[in-house]
Amino acid sequence: MTFNRREFLATGAAATAAIGTPMILKAQAKEYVLGASLPLTGPFATAGQLVAPAFSLAQKLFNDEGGIAGIPIRFVTEDSGYVPQNTLANYQRVLATEGNSLVAYFSDSTGAMKLIAPELKGDNARLMGSTSFASELADPATHPYQYLSGPTYQDQFDILMQNIKLAGGSKIAIIYSNTEFGRDPLEHGRAKAAELGLEIVLEETTKPQGADIPTHVTKLAQSGAEHCILHGYVTGVWPQLIGGARQFGLPVQFHGTFWGMEKLIADRITAEAGPFLAGYQGVMPYRYFYDRDDAPRYQQYAALSKAMFAGTPLENYMSTWALQAMCGLELAMKALRATAEAGNELTADNVAENLSGISDWDSGGFFGGPVSMTNNKIGTGRVYEYSPETKLFTPSSDWLST
Amino acid sequence: MGQFTQFAINGLMSGAIYALIAVGIVSVYKATKVVNFAHGYLIMFGAYFYFTFAVIIPGQEWAPEWLASWKPSWMLEMRKGLGMFSPLGAVLDWMANIPRILLGLVGAVSCNAILGRVVERTLMRPLMGQSVFAMIMVTVGLISILSGSASLIWTADAAFVPHIAPNTPIRFELFGTMIFLFGADIVNMLIALLIFGGIVTMVKFTKAGIAIRATAEDQSTAYSMGISVPKVFSNAWVLASTTGAVAGAILATRNGISPSLGLFGFSVLAIVLMGGLDSYVGCFIAAMSVGVLEAMTQWKMGGEWAAIVPYVAVLVVIIFRPHGLMGQKEVERI
């Protein structure tokens, strides 16, 4: 076969295009984007605004460490108003504008995670963490790209009930908000209580904000409960319920779950209403930020916070809500880096595979020891107790796994 | 029977707060025919003003110490040895907060009055003579302005404020059942009822009240009779804002301060529709009924039903009496 000059040039150009085009298309991004929706307005704006600074800290920290295989990362955070449809719209928008540069997303509610889950298919799929500990999400078969950065709400109920049983409790009340978040662990909680021989004497649902405290406290008093689990609240209702019960003279021991365990809220209540939260206990997946002697990663955060947030309350304290976001981002980065270092594309499938393979991870202090991802969650936590005198939550149990 | 009484009282206490919120919506409607969808956010501003004057200002370094905590020696002496929730202890703890509570209330009412007047003069007055629908849409837009402004000024941080009245626990036996009430809730209810009663009396017996009623009947005729309709509009907004300030302060003491306070207005809108948009008495009956119905449903059927049953009752009333329990039949609705 012979080529004349024109045929040779044309064939050469076609071959170059055929071989080179995919390489051009798959060229490494100049930067990777991690998107996020936060409730900067709306009913949970308090939490959203405390979490938001964590993203700027994370961007600085991760980029100082070399980003993902030397490529810098950038966060795109948007307000959702705690409306799942807004989070979905934010996700679709950042997907459209950033394309393949978008490698992970941080969502802001159980509702949003469930709404977005069916969208995570093919080219539209990305690894997705969130503020949620919803039990339904901890299932790689149905939610392969979504993960929890701690124990599910069901796990948290398990930990609390085990602790109540160990303390000799027998009659418990469960008071929860009338939200998806509040109802999440109920059925499982009933089964766990039966398994442990605990009698649930009251199941009471309340509004998530502005609940009718006298009515709920009256029912709690009538139930004869020794222990009461409060679940599905963030800044309100749980303190008022405890305060009301104390005024009522009820000797009930109160227990909370992750979102009702923030020191900033407990401190503010104590300052304004007195030390009635004394003895309040709850399950917390992470070490508190002030307990960082054995937490080198927290020490790095603290040094950065001092520099980045000087003159603000964030200078010295990172809320548990922000720690949850940081833990979620650490897990995502670990999976992304492992994928990139293995020479693989940062597709949702590749990254999710690396995420689910995280084993014996030394988190640098978030948890009591090395942890592993099992069913896209980390099922560990411990019980802390609040002291109005020291204004600290201190551990009242060992690290418990589920 | 004792149990029934307990939950009925709980419901009446909630109902009184609903009535205090409703009075603002009715006042504006009576005078201007505008359904103020932003009323909940005026209440939220009242709560934040109360927070500013009762917590932020007394906490400043330059503020006198007695403003933050007034504790004369006799009070310290009396407080010694009393438990946190002892009745006398609770009263003394509250008394230490009296200066900042008063400052908070005066500040909240004054600032909200100014806010109400500004809203009326800048947003509503220019639309006089235009369709009522346009004015209603402005109140919808006002929601975004007020909620955004609150976030800018106070951020979304949750905070807590001192009770307006001593939160002394009150216990007594009735029909063999121990009844338990919160002192602050009883006082809040009395404050709400007093304000409500005062406004109804004012509307019925004073010149300003007659002007409001005349304007509500027919603005053109009221004009021709020498009533300054713009002034009536303005007064109605100020009245709604000031009562909203008190309602906001009370809500803040019950639920803490957060941007979600603005959402209370929406649930009360349904109550106002049930009572009749232009009827103070109708709204009072509706507010009390919904409060009691909520408490009873919570007691007997649980919270899932408590969120539904009272509002089903509202719908039923509206189906059979579209103008509400005591509203005027010719009321034009949106």
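Trainee: Which exposed residues does the face of α3(A) turned away from its buried side carry?

Mentor: That face carries A:Gln85, A:Ala96 and A:Thr97, where exposed means that 12 or fewer other C-beta atoms lie within 10 Å of a residue's own, buried means 20 or more, partly exposed lies in between, and C-beta atoms are placed from the backbone. This is a predicted model, in which local features need pLDDT of at least 70, side-chain atom pairs count only at pLDDT 80 or more, and totals for chains, interfaces and linings use all residues. Residues are numbered from 1 along each chain as its sequence is written, while chains are lettered from A and ligands numbered from 1 in the order in which they are written.

Trainee: Which residues of α3(A) are buried, and why do they line one face of the helix?

Mentor: An α-helix has 3.6 residues a turn, so residues three or four places apart point the same way. In α3(A), the buried residues are A:Pro84, A:Thr87, A:Asn90, A:Tyr91 and A:Val94. Seen down the helix axis, they fall within an arc of 115° (taken from the directions from the axis to the C-beta atoms), so they line one face.

Trainee: What do these buried residues pack against?

Mentor: They pack against β1 (32-38), β2 (73-79), β3 (102-107) and α4 (110-116) of chain A, with contact meaning C-beta atoms within 7 Å; helices are DSSP runs of H or I with at least four residues, and strands are runs of E with at least two, numbered from the N terminus.

Trainee: Which residue follows α3(A)?

Mentor: The helix is followed by A:Gly99, whose phi is positive, near 55°.

Conventions:
Contact = placed C-beta atoms within 7 Å.
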